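I am opening a fresh page of the notebook for this one. I will jot down what I look up as I go, and you are welcome to read along.

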Amino acid sequence: MSRVITSFNEGHERVGSWFLGPKAENLDYFTKFFQIITEGMKNGRLQFGPDDAVSITNDIRTSQAFSDNMADLEDLVQKLSTFMSQHSVPFYSPRYMAHMSYETSLPATLGYMLGLFYNQNNVGSIWYFATVEGSPLTTLLEWEVGQQLCEVLGYKRYPRDAEWNPHYKRSKDREPYGWGHITCDGSVANLESMWVARNIKYYPLALRDAMTEEKVVWQNGKSIQMPPPLAFAYDTFIVQPLVGPAKLFKNCSVWELLNLKPDTILGLPEQLTEQFGVSSEFLEQALTPYSVQTVGKDTYIQKYGLSQPAYFISRTKHYSWPKGAAISGIGSENLIEVDVDLAARMDTQNLKQWLDKCLEEKRSVYCVVSIMGSTEHGAVDPLSEIVRLKYEYEGKGLSFMVHADAAWGGYFSSMMRSLKEPRTGDPYNQYVGTIPLSDYTNEQMNMLRLADSITLDPHKSGYVPYPAGGLCYRDERFRYLVTWTSPYLDGQQGGVDSIGVYGLEGSKPGASAVATFMSNEIIGLSPQQGGYHTLLGEAMWTASKASLMYCHWVTMDTGSDGFKTIPLQMLPAEKDGGDIEGQKEIIRSTILNRPNLELVEDHDAYSLLRQLGSDLMINTFACNFRNGHDLNTNVEEANYFNKRIYEKLSILKPTDDIHDREVIIMATSLSQKSYGACLKNFKKRMGLEGDEDLYVLANVCMSPFPTAGNFIGELADAFQNVAQEISADCRWRTTISDDHHTFLLQGTDPAYLVYLPMFQAANAKKQAIVKATLPESIHQLYAKAHADDPGKFFTLTTAGRVTLDSILRNGNSFDAYLDEGYSDLNRPRSHLSSMFTVSDLKVLQENSLDRVHLHSEYPTYMPFYLYGTPQHAHLDHVLLRAPNVQISASNVQLHFGSAQDAVHERLGAGLVVVMKDVLEYAMQPFNSGHRPDAFEPHSLPHTFAAEVYEPAVGGIHGHDYSARLGQKVGDGSITVNERIYIDYDCLNADPTDPAISGPRTIMNRFDLEKARLCHPYQRKMANRREWRHALFDHLKRSPNRDVRNPYGHSGPNPRDGEHPMHGEHQMRDGHQGGNEHSAHCGHHGPGGYGF
């Protein structure tokens, strides 16, 4: 077959040379290059001190100790290599479409290894920054990387061959030179940008104080009053305010000084030098005692009576921003979240309202942050409009910095095209096999050059190994605001020799700079090089076109008793009010499962394709299941559906075989409070009702490889099969059907049955208490067993499968078995009795636990149902929110003084008790790791202060609990004794959990070892234990490890002589030691109803 020569193939062939490959296809080249690195390292060592004696002699190399340790090392390398290959997340595979992670580029990997061999430290310590003796070469490479990144973002860079000129402050076109450096990650880069925004805001006030305020200094144990060091400049120094003509610095108001342009502030030291001839050393000494870094921002706030300045960012912010606000002293409450629009981008109308408010209240603003590719949905904020607002409000006297958080989106700037370029014609001639940035995203990327600072992470869309974040400044003088060497903003390029002294970090690997430099050089950052432009374009092609990506999500609907997938980003027809279903059919017929070249040549299809998906190739979507033809309306059940899909298509446990995962995706949760109208609209499109947060799925495709053949179609089918299977569980959970039902037996004369409900199954979503009559023989059997061991609990389980509603009727009866503990229907002989009939039912309480009847918050005080007789009164905790705990106490003692008789009279009909000294809202949620201590056997008997009420008409349900309480009967107390049943696990268990085998039934919850893992904390702890066991057991299997300690030294472990995980094996597998069993089961031992 002849080789087809097209620009598409040539571009993709270059891409193929940039990676090791999903099947290690380029391992031969990697081995060749790695050998070059090791040979260079070896030659360098041999050439340095060539006459020096050999340190590791042949005698050492042939010794037993040397051989043993090398054998240990070989064994550990082999075992860890094997374990990691079997259990590490396969970022390298096109099947991995979860987080913004992929195989690092071949040049970046080789660069990191090259740098690692020399272990250079780019710290640039303040004590030796002039010589950079810790990293002369890698520091230079980091400076060059900073210049590369500045250039691709649109900032002015220094030419590589430019000679350093200390008087070079601006380029010939008067545009300031940019400056950038490597950070450990985007979080640190964001924090550094906040540090700059804070420092520059108060710089003019520090300058003012240095002109007007005396300082007390201590010399030789005496205080000396020092005059203002810059007083000589106070009367004649001129500055340009935002509004109006230039004026004397001393005549500027505090508000005007807080709102100078950043460029103006950066130029103040140069003005002082030009007007008064001061040196940088003098200015450093003069300003240091007055700077915000010395006195703290609150000194200015209090001295000048200022409001705390605001910092604006959209609600889709990364978690590093409130963290940075806390660390920098700005305060997270001053980090104001701006609303988002329906596309999850910053709503600039809401930003404008906030800026108007700041202007009205004379509240200064540090910065407005534009997110250029949110980590959860790839949305790009309207930077062009934010910059326009910056200029608009400068005209009104309000100045602020603009920072672009392009940690994810920074490298996509390599795909920019000029805004003057014609936007008509056949774009596939230029972008064959790639998807260019949308017109909207391209416009925002072109505005990056006007942002004051930009975060971007080479270890994200730059395909560089961790850690490699980055921060770039439009004006290199910004960096002097975040160093301790000099506050003098002189604009010198001397920072190339001391790059590490700027910013937050101390020691940092020079290897990151080498890796980023090599990747930028070989792949290429400019569109003319066709490097990252092609790589990211092909990845976006996959994200938009491939049937597993946006086009598949938006068209996936399996019909009746199936499920539907809905992307967060709407179709063009949805935005414009057009024919949505018609546009989906166009996608199915003209885009999906179509050869790439054929699609590129279809102008209409390709034009539609360019409009689809998110701004930057992250597809956020959610699935909803159908009952028949109707979509589920319950948000919590939709959340469950998507969580199950995620768990099936991710790697969470060591037992999750990566080879069984045909596709891997990620998940996140969208907060209703944060996403507002955007999330309401999304839930409406899904057919959901409710204000709960939404659990969603997402995929990021950074691989350029999966569009070959029908590979994407296979992945789509795999996802669909998994989701369809799980949707069947969801339908069962939400549909009432016949099942076995279990009641806790309380009292003996008469008997009360407390239903054991479940929050996660429609068959059992009720809290109910009934009075019943038992056959005399069963009554005697139960009374004797109960008297023999009051610490045990007993249950009744229906003999047949029925609905709960068919039981809960006054005068009704049903057949049941009596059991000690929970029933096991698979072992009939385990029952305490043969089948018998429970009769004369009287329903005391029957309340739905469906979502619409539950509260959004836990009650202030803990409520209980109170029922029984004056001789035998019982309690059952009122369940008002999920998750929760079932607490049922028998034979409690009542102390209600003058109201005692009134309470006794009403016990038969049932009352409600509120425990006034149990603050439920502050204690919930309970679980086996956090228990209601006052009700634990070791705390009983315990007397609780209580108020008792009649139930309101209609029962205790609905969202307003207090309004459901009837007339108050009295105040007093209740003593709870040791006869108590507490359950955390069965109530909150998931009967359709994949860990539980067998037919679907609510009886599955009594498989306690699995039921307890439904709690997120228990599941996390179990996963952690599994990972530790799997790793250390794997290492232990080594022949060397049989005779040597897992940590590599001979003899016993210094702690206990056992394998470090031995004790945890016992707790997990045998439940030995302490209260491990009761802690997981939640049903208490001696003294209580329990095992």
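**Entry 1: the open sheet**

I began with strand 1 and found that 5 bridges join it to strand 11 (residues 469-473), the two running antiparallel. I then looked for a residue pair to anchor this in the viewer: Ile182 has Gly470 of strand 11 as its bridge partner. A reminder to myself before going on: this is a predicted model.

Which order do the strands of this open sheet take? I read 1-11-10-9-8-6-7, which is 7 strands with mixed pairing. The edges are strand 1 (179-183) and strand 7 (335-338), each of which pairs on one side only. On average, neighbouring strands here are turned by 20° against each other, direction ignored.

**Entry 2: the barrel**

Next I looked up the closed barrel. Its 6 strands run 17-18-19-22-21-20, and the pairing is antiparallel. Neighbouring strands are turned by 40° against each other on average, again with direction ignored.

I picked one pair of barrel strands for a closer look. Strand 21 (residues 814-820) and strand 22 (residues 836-848) pair in the antiparallel sense over 3 bridges. Opposite Ala816 I found Phe836 of strand 22.

**Entry 3: strand 28 and its partners**

I moved on to strand 28 (residues 965-976), which pairs with strand 25 (residues 886-895) in the antiparallel sense over 3 bridges. Strand 27 also pairs with strand 28 in the antiparallel sense, over 9 bridges.

Which residue of strand 28 stands opposite Leu894? I noted Ile974. Ile974 turned up again when I checked Phe944, whose bridge partner in strand 28 it is.

**Entry 4: helix pairs**

A note for the margin: two packed helices are described by the angle between their axes and the distance between the axes.

I started with helix 5 (residues 106-118) and helix 17 (residues 510-523), which pack at an angle of about 150° with their axes 7 Å apart. That angle makes helix 5 roughly antiparallel to helix 17, because the cut-off for this label is over 145 degrees. Helix 5 passes helix 17 in a right-handed crossing.

Helix 5 has another entry on my list. Helix 2 (residues 27-47) packs with helix 5 at an angle of about 20°, and their axes are 11 Å apart. Helix 2 is therefore roughly parallel to helix 5, since angles under 35 degrees count that way. I noted a right-handed crossing where helix 2 passes helix 5.

I then looked at helix 14 (residues 348-361) and helix 15 (residues 383-394), whose axes come within 11 Å and cross at roughly 20°. Helix 14 and helix 15 are therefore roughly parallel to each other. Their crossing is right-handed.

**Entry 5: backbone details in loops**

Where does Asn119 sit? I placed it in the loop between helix 5 and helix 6 (136-153). Its phi is near 50°, a positive value in a residue other than glycine.

I also looked up cis peptide bonds. The bond from Asp749 to Pro750 is cis, with omega near 0°. Pro750 lies in the loop between strand 17 (742-746) and strand 18 (751-755), and strands 17 and 18 belong to the barrel of Entry 2.

The peptide bond from Leu940 to Pro941 is cis too, with omega near 0°. I found Pro941 in the loop between helix 30 (920-923) and strand 27 (942-951). Strand 27 is already in Entry 3, as a partner of strand 28.

**Entry 6: cavities**

How many cavities of 30 Å³ or more does the structure hold? I wrote down 5. The largest has a volume of about 80 Å³.

I went through its lining next. There are 14 lining residues, of which Ile200, Lys201, Leu260, Pro262 and Ile265 lie nearest the centre. By class, I noted 11 nonpolar, 2 polar and 1 charged residues.

Which element gives the largest share of this lining? It is helix 7, with 3 residues. Helix 7 (186-212), helix 8 (254-258), helix 9 (262-276) and strand 8 (365-371) each supply at least two residues of the lining. Strand 8 takes me back to Entry 1, where it has its place in the order of the open sheet.

Definitions and conventions:
Residues numbered from 1 in each chain as written. Predicted model: local features only at pLDDT ≥ 70, side-chain atom pairs only at ≥ 80, totals over all residues. Heavy atoms only, no water. 1 Å grid on protein atoms, 1.4 Å probe; cavity = no way out; pocket = protein on both sides within 12 Å on 5 of 7 lines; lining within 4 Å. Points joined across faces, edges and corners; volume = space filled by probe spheres on them. Helix = DSSP H or I, 4+ residues; strand = E, 2+ residues; numbered from the N terminus. Nonpolar A, V, L, I, M, F, W, Y, C, P; charged D, E, K, R; others polar. Pairing = 2+ DSSP bridges. Axes fitted to C-alpha atoms, helices over the stretch in contact; angles between N-to-C directions. Parallel < 35°, antiparallel > 145°, perpendicular 65-115°, else oblique. Left-handed = near helix turned anticlockwise from the far one by under 90°.
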